[in-house]
Amino acid sequence: MTGRTAIVTGGGSGIGRAIAERLAADGHKVAVFDLQPSEIPNSHVVDVTDRDQIDKALSLVREDLGPVGVLVNCAGLDGTKRFTDLSFEAWRRVIDVNLHGVFHCVQASLPDMIEAGWGRIINISSSSTHSGQPYMAHYVSAKSAVNGLTKSLALEFGPAGITVNAIPPGFIDTPMLRRAETRNLLGGTVEDHIQRTPVRRVGRPEDIAATCSFLASEEAGYITGQLIGVNGGRNT
Ligand code: NAD
């Protein structure tokens with residue numbers, strides 16, 4: 001494996017952290033962009049909705065690790081509200097983080113990949129985009145747009161040697177999922193969901209990280225514009 005410079009947004013927690021660790025174990029030079037500071041090497045405190053912060057952190061990454069070859073957009077913010085009670089501010093923040101954050105990070109990183117004639121972009125969306133999710137219209141809208149963005153960018157940048165795929169995860173055991181369970185927002189407990197999942201377990205961050213590892217590899221060069229569900233067989 002030739003080590004590429006890889007950026008993982010949201011790499012400070014949950015799925016993103018597992019992805020950052022896996023890509024580092026694969027031999028990539030990994031940097032993390034997250035709102036929260038962390039002890040992970042090459043971590044940068046970045047709000048993915050703020051282009052200036054992204055550009056400044058990217059300059060440091062290029063100096064320290066070299067041009068970006070792999071970008072994993074994993075930073076995410078969920079939210080639950082009956083649509084009639086959803087404020088426009090809450091709608092906008094969820095769209096900002098989950099969709100506009102991807103826009104900014106992709107646009108800022110693409111020049112390195114175009115220059116190299118090689119790149120891997122992996123967007124972490126959500127299995128809720130398959131069927132919708134009550135009380136999460138803003139989140140599902142943003143993640144559905146990420147799926148669409150993935151397909152369009154794959155067509156646009158395939159000729160430049162860049163693949164763009166999305167992983168819509170099912171229920172993955174992370175702080176985000178456990179917060180939702182505690183607040184009674186899952187429509188049941190995690191255990192209830194396990195019983196409705198064909199493989200009868202909750203997903204692990206490492207399940208997503210393993211898929212990401214493959215999509216970032218040389219071997220995955222003929223896969224682009226795809227939504228690779230990692231959900232234990234449950235497309236909801
Ligand atoms: P998490 O809350 O454990 O981690 C999310 C990370 O994103 C946190 O470290 C947080 O600080 C960071 N973040 C949030 N807003 C940010 C911003 N504006 N700028 C930079 N960083 C920001 O959640 P997770 O469960 O690990 O989720 C990771 C991704 O997977 C998210 O995009 C989420 O929507 C998606 N997802 C998770 C599940 C699940 O079951 N856990 C299911 C489907 C999709």
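A residue is called buried here if 20 or more other C-beta atoms lie within 10 Å of its own, exposed if 12 or fewer do, and partly exposed in between. With that cut-off in hand, begin the tour of this predicted model by selecting strand β1, where five of the five residues are buried, so that the strand is mostly covered by the definition just given.

**Strand β1 and its two sides**

Show the side chains of β1 and look along the strand: Thr5, Ile7 and Thr9 point one way, while Ala6 and Val8 point the other way, and all are buried. Now add the strands that pair with β1. On one hand, β1 and β2 pair in the parallel sense over five bridges, and within that pairing Ile7 has Ala31 of β2 as its bridge partner, while Thr9 stands opposite Phe33 in β2. On the other hand, β1 is joined to β4 by five bridges, again with the strands running parallel, and here the bridge partner of Thr5 is Val68 in β4.

**Strand β2 and the step to β3**

Select β2, residues 29-34, next. It too is mostly covered, with six of its six residues buried: Lys29, Ala31 and Phe33 lie on one side, and Val30, Val32 and Asp34 on the other. From β2, move on to β3, which runs parallel to β2 and is joined to it by three bridges. Two partners can be picked out in β3, namely Ser43 for Val32 and His44 for Phe33.

**The whole sheet**

Display the remaining strands, and the open sheet of six appears in the order β3-β2-β1-β4-β5-β6, with parallel pairing. Which strands stand at the edges of this sheet? They are β3 (43-45) and β6 (162-167), and because each has a single partner strand, one side of each is left without a neighbour in the sheet. Neighbouring strands are turned by 15 degrees against each other on average, with direction ignored.

**Helices on the sheet**

Bring in helix α1, residues 14-25, which packs on the sheet and touches β1 (5-9), β2, β4 (68-73) and β5 (119-124), its direction making about 170 degrees with that of β1. Follow the chain from β1 through α1 to β2, and you have traced a right-handed β-α-β unit. Helix α2, residues 51-65, also packs on the sheet, where it touches β1, β2, β3 and β4, and its direction makes about 165 degrees with that of β2.

**Helix α8 and the nonpolar core**

Select α8, residues 205-215, and colour its buried residues, which are Pro205, Asp207, Ile208, Ala209, Thr211, Cys212 and Leu215. What covers them includes α1, β4, β5 and β6. Two residues of α8, Ile208 and Cys212, are also among those that touch the most other members of the largest nonpolar core, together with Val8, Ile19 and Val72, in a set of 55 residues. Helix α3, residues 88-116, gives the most to this core, with seven residues.

Centre the view on Ile208. Leaving aside neighbours within four places in sequence, which residues is Ile208 in contact with? They are Ile15, Ala18, Ile19, Ile124, Ile167, Pro169, Ile172 and Val230.

**Leu227, after α8**

Continue into the segment after α8 and select Leu227. With 17 C-beta neighbours inside 10 Å, Leu227 counts as partly exposed, because fewer than the 20 needed for a buried residue are present but more than 12. Apart from neighbours within four places in sequence, the contacts of Leu227 are Asn147, Ala166 and Pro168. Draw a distance from Leu227 to Ile167 as well: their C-alpha atoms are separated by 5.6 Å, although the two residues are 60 apart along the chain.

**Stepping back**

Finally, show the whole chain, which has eight helices and six strands, running from the N terminus as β-α-β-β-α-β-α-β-α-α-β-α-α-α. The radius of gyration is 17 Å, close to the 18 Å that the globule rule gives for 236 residues, so the chain is as compact as a globular protein of that length. Along the principal axes the C-alpha trace spans about 45 × 40 × 35 Å, and 44% of the 236 residues count as buried. Among contacts between residues at least 6 apart in sequence, 70% join residues at least 24 apart.

How values were computed
Residues are numbered from 1 along each chain as its sequence is written. This is a predicted model: local features need pLDDT of at least 70, side-chain atom pairs count only at pLDDT 80 or more; totals for chains, interfaces and linings use all residues. Two strands pair if DSSP finds at least two bridges between them. Helices (H or I, at least four residues) and strands (E, at least two) are DSSP runs, numbered from the N terminus. Axes are lines fitted to C-alpha atoms, for helices over the stretch in contact, and angles run from 0 to 180 degrees between N-to-C directions. Two residues are in contact if their C-beta atoms, placed from the backbone, lie within 7 Å. A nonpolar core is a set of buried Ala, Val, Leu, Ile, Met, Phe, Trp, Tyr and Cys residues joined through C-beta atoms within 7 Å. The radius of gyration is taken over C-alpha atoms; the globule rule is 2.2 Å times the number of residues to the power 0.38. A crossover is right-handed if, with the strands pointing away from the viewer, the path from the first strand over the helix to the second runs clockwise.
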